[in-house]
Amino acid sequence: MTRYDVRSPHADEFINHEEILDTLAYAEAHKNDAALARSILQKARANLAPAHDHGTTLTHREASVLLACDDAAVNAEIRQLARDIKQAYYGNRVVLFAPLYLSNWCVNGCLYCPYHAKNRDIPRRKLTQEEIRAEVVALQDMGHKRLAVEAGEDPRHNPLDYILESLQTIYSTKHENGAIRRANVNIAATTEDAYRQLKAAEIGTYILFQETYHRTRYEALHPTGPKADYAWHTEAHDRAMAAGIDDVGLGVLFGLEGYAYEFAGLLMHAEHLEAMFGVGPHTISVPRVQPAMDIDPDAFDNGIPDEMFEKIIALIRIAVPYTGMIISTREAADLRARALQLGVSQISGGSRTSVGGYTDEQRPRDTEQFDVSDTRTLDEVVGWLMDEGHIPSFCTACYRAGRTGDRFMEFCKSGQISSFCVPNALLTLGEYLCDYASPAVAEKGWKMIDAELARVPDDRRRAVAADCLARIRAGERDFRF
């Protein structure tokens, strides 16, 4: 029997099937133990003071007990604690980004994705560098500063050199006051040498979703292609971090396997990265299976009701308090609003999940990777966030100032990050209001900036931010703390 070892380099040991089954059995046996659940929550409350040594992060087993608990009062406490911890670490800031699909050519056989190699109906497309420039200009003209670069796995159509050239094009494209200041990359598992080249290309976060941590289910869902190798895929973040990419992002596609199994596996992966590298995941994404061409989500019998999905979000925030949590336009606006209260700190806005979608006036449907539920424009999302009490942020300052990996975690876990983040969020919001916002959103935004600036506790930082905002209104750009 394979043993569980959080520090092992082997996938079957740090994501150990028997350990997950034991964890789920323990959680089921103790799901009605409200006293145990409250003792676990009390342990987690230490995270309300981020300046502590961060030694009280919940284990995957403790968090699984809370997930299984069906006591209404305890569940209400979970939701409240998640709100409080999010406020302690991230305040009311919400970072905005957009995906940029470069190519839907793919050699894998993933049964849940319309890009799978056997789909003969989907039009295959790969952007040229000129087309990428046009897409980037369109995204800049919306107001975006941060992208998530996406491409299918295809060594012939989408080799690493193409990704690297595309990143150079993205960073070098400037239109009026627009600039992409951070390009995160979501591409297939690759070699340590390839990760070194991505690092040299100045990517932000390397993002790779596990899809499912259940090996047997994973292998059934990935019958063909390089992605069929479970260990190669699951150990990819280790190779990326060994290569110097110190910000990595995790995620599962909820709905492919039982949610309790995936939840435990996801937390075990975060624990593994902490144990091996001293740095947990920079982000955790929580996508759910959605309809798409050639894909019927009803074919997967592990769907999660909204209430349980929200509980999972809350418990990830409690168990991994420092991580940035991402929810995309897969989800509808009302659920995204609730998720933001419970722990999500990053969202996409104005997204198109098709190759070349931003330069088309009408939303293309034939090359979409999944149906978009929240189809609002970025300006509508920015205005909505402010109505909900959030500061829309286009900030990329930590990445550009070298506050990544363990440097970022040091600031985040100690609570110091907020002293940078609020002023930086306000500066980038000011840029957006000057350059891209509708009149109504601009009026609303400057009122928010004035109110939030008055709350900055450090007199010097408040004065510097006020001066930078005045200079932004006068036409200067790109200030940061």
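Y218 and Y230 are both buried in this predicted model. The two residues also partner each other: their ring centres lie 5.3 Å apart and their planes meet at 80°, so the pair counts as edge-to-face. Y218 belongs to helix α9 (residues 215–221) and Y230 to helix α10 (residues 230–234), so their contact ties together parts that are 12 residues apart in sequence. This is one of 6 aromatic pairs that the structure holds.

A second edge-to-face pair is formed by F254 and F309, with 6.4 Å from centre to centre and 70° between the planes. Here F254 sits in the loop between β7 (248–251) and α12 (259–277), while F309 is part of helix α13 (residues 306–319), so the pair joins parts that are 55 residues apart in sequence. F254 has a relative accessible area of 1%, and because buried means under 20%, the residue is classed as buried. F309 is likewise buried, its relative accessible area being 0%.

The ring of F309 has a charged neighbour as well as an aromatic one: the charged end of R288 sits over this ring, 4.2 Å from its centre, while F254 is its edge-to-face partner. A comparable arrangement involves W446, whose ring has the charged end of R473 over it, at 3.8 Å from the centre.

Aromatic contacts also extend to a group of three residues, as ring pairs link F394, Y432 and Y436 into a cluster.

Key: Residues are numbered from 1 along each chain as its sequence is written. This is a predicted model: local features need pLDDT of at least 70, side-chain atom pairs count only at pLDDT 80 or more; totals for chains, interfaces and linings use all residues. Side-chain values use heavy atoms; hydrogens and water are left out. Rings of Phe, Tyr and Trp (its six-membered ring) pair if their centres lie within 6.5 Å; planes under 30 degrees apart count as stacked, over 60 as edge-to-face and the rest as tilted. Helices (H or I, at least four residues) and strands (E, at least two) are DSSP runs, numbered from the N terminus. Buried means under 20% relative accessible area, exposed over 50%, partly exposed in between (1.4 Å probe, protein chains only). A charge sits over a ring if NZ of Lys or CZ of Arg is within 6 Å of the ring centre and within 35 degrees of the ring normal.
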